[in-house]
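Let's take a friendly walk through a protein structure, one feature after another. Keep the picture open beside you as you read.

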Amino acid sequence: MDVLKSLGHPEEIYNLFKFKMGGCHTVMPKLDYESMSESLRTCYAFLNQTSRSFAAVIQALDGELRHAVCIFYLVLRALDTVEDDMTIPLVKKVPLLHEFHTFLYQPDWCFTESKEKDRQVLEDFPTISVEFRNLGQEYRDVISDICHRMGVGMAEFLEKKVGSMQEWDKYCHYVAGLVGMGLSRLFSASQLEDPEVGRDTELANSMGLFLQKTNIIRDYLEDQQDGRAFWPEEAWSQFASHLEDFSQPQHLSSALACLNLLVTDALRHVPDVITYLSRLRNQSVFSFCAIPQVMAIATLSACYNNPQVFEGVVKIRKGQAVTLMMEATNMQAVQGIIIQYSQEIRQKVSPSDPSRDKTLHILGLIQEKALSKVVLTTRAHHLSPIYLSAAVLLAALSWQYLNATQPAAPSYGHYGS
């Protein structure tokens, strides 16, 4: 039971209870489906089916930006489904990826040969493409451009493995950095954010790379079991002859050394994340961007120097996730969260770790960057011990009843789960 995992963290139990009793609607307001066209309602149904986590933050966006991001997500989900489907021969898959952006303007195009779990977005692509064409030109141009560039990039990596650290950055750019750049351009096109947000491609790329690298690090074993390899050879070859060696207990020390090296590399994007988030002005856009980022640094903290990465998928507690969702509503709180988890990582750094100096250096830069913007205050809830104890007891007693409607904790796959 998720509540038991949070017993040592009473603020998490309090927030789980608060979330269930209505706090979720401050993060995930309900949409007016009655006013939507049938095809648009279907698109939101697809969104909820393919990504409960991203669905939550997308549906909380303001105005017409909500629909634009929903369609953007579904188009890229369809593209990603083609890339992921190992049953599609390369001779067919490569042209599909290259030409996918053109299908947005072909009303009848669909693909019925996929075996992937999300194949419905391909089979019913006309429903998605008609809503794409209903968007304003400023949104269509962004979505089509990013779809084209991502398809070309995905095709490039179909027949080659991620070798150097530079190629790791390139791969993550294609599958996630471009998403960050596209979203930033949509934010600016909606006029909810300044034009500068859409123009600064370097910061937007870093937002995507930080999330993607976190996913790749966390999903080592799952990817190995699926016959995939995303850890860069330049990193793992320093510690093992084969990437799969890390799943064997006798190679644990080498596995942890490589893991910590990759976590350190991911952390170098955090200063850019702080700068990017500090520029946002719209509350819904800020929450949309900030929640996945604080989830990512919490996940990296959980993964750092953790042998369980090579035994399964390391996940943060649901109470922890809900607490992060409810707290990451302003820049000061986000910086406090980043400081908290960077300090947690610092405490785990071993004197014998090969990446120790680099890790401590980037953690120092993160702390300096986080502290440079605002004077931080404590993130603790100012609750009396009696009130907090009562809340914990009430939450525990109510959990069995409430569990039937438990919300999903935000997560993200290689393109958003």
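In this predicted model, helix H10 (residues 165-189) packs with helix H15 (residues 252-267) at an angle of about 55°, and their axes are 13 Å apart. Is that parallel, perpendicular or oblique? An angle of 65 to 115 degrees would count as roughly perpendicular and one under 35 degrees as roughly parallel, so H10 is oblique to H15. The crossing of H10 and H15 is right-handed.

Which residues make the contact? On the H10 side they are Met165, Trp168 and Asp169, and on the H15 side Leu261, Leu262 and Asp265. Sorted by class, the contact of H10 with H15 has 4 nonpolar residues, no polar ones and 2 charged ones.

Stay with helix H10 a little longer, and look for Gly182, which lies in this helix. Is Gly182 buried or exposed? Its relative accessibility is 0%, so Gly182 counts as buried. Leaving aside the neighbours within four places in sequence, Gly182 is in contact with Phe72, Val142 and Ile146. You can also try finding Tyr139: Gly182 and Tyr139 are 43 residues apart in sequence, yet 9.5 Å apart in space, C-alpha to C-alpha.

Now for the aromatic rings. How many aromatic pairs does the structure hold? The count is 16. Two of these pairs are set out below.

| Aromatic pair | Centre to centre | Angle between the planes | Arrangement |
|---|---|---|---|
| Tyr105 and Phe132 | 5.3 Å | 80° | edge-to-face |
| Phe157 and Tyr171 | 5.4 Å | 70° | edge-to-face |

The pair of Tyr105 and Phe132 links distant parts of the chain, with the two positions 27 residues apart in the count along the sequence. Tyr105 is in the loop between helix H6 (90-99) and H7, while Phe132 is in helix H8. The two partners can also be described by their accessibility. Tyr105 counts as partly exposed because its relative accessibility is 41%. Phe132 has a relative accessible area of 0%, so Phe132 is buried.

The pair of Phe157 and Tyr171 links distant parts of the chain too, 14 residues apart. Phe157 is in the loop between H9 and H10, and Tyr171 is in helix H10. Phe157 is buried, with a relative accessible area of 8%, and Tyr171 is buried, with 6%. Rings can also join up in a group: ring pairs link Phe100, Phe103, Trp109 and Phe125 into a cluster.

Phe125 and Phe132 bring us to helix H8 (residues 125-134), as both are among its buried residues. The others are Thr127, Ile128, Ser129 and Glu131. What do the buried residues of H8 pack against? Their partners are helix H3 (38-50), helix H5 (63-84), helix H7 (120-123) and helix H9 (137-156).

Finally, step back to see the whole chain. Its secondary structure comes to 21 helices and 0 strands. Of the 417 residues of the protein chain, 55% count as buried. Among the contacts with a separation of 6 or more, 75% come from residues 24 or more positions apart. As you turn the model, you might look again for Tyr105 and Phe132, whose pair links distant parts of the chain.

Conventions: Residues numbered from 1 in each chain as written. Predicted model: local features only at pLDDT ≥ 70, side-chain atom pairs only at ≥ 80, totals over all residues. Heavy atoms only, no water. Buried < 20%, exposed > 50% of the residue type's maximum accessible area, 1.4 Å probe, protein only. Helix = DSSP H or I, 4+ residues; strand = E, 2+ residues; numbered from the N terminus. Contact = heavy atoms within 4.5 Å. Axes fitted to C-alpha atoms, helices over the stretch in contact; angles between N-to-C directions. Parallel < 35°, antiparallel > 145°, perpendicular 65-115°, else oblique. Left-handed = near helix turned anticlockwise from the far one by under 90°. Nonpolar A, V, L, I, M, F, W, Y, C, P; charged D, E, K, R; others polar. Phe/Tyr/Trp six-rings, centres within 6.5 Å; stacked < 30°, edge-to-face > 60°.
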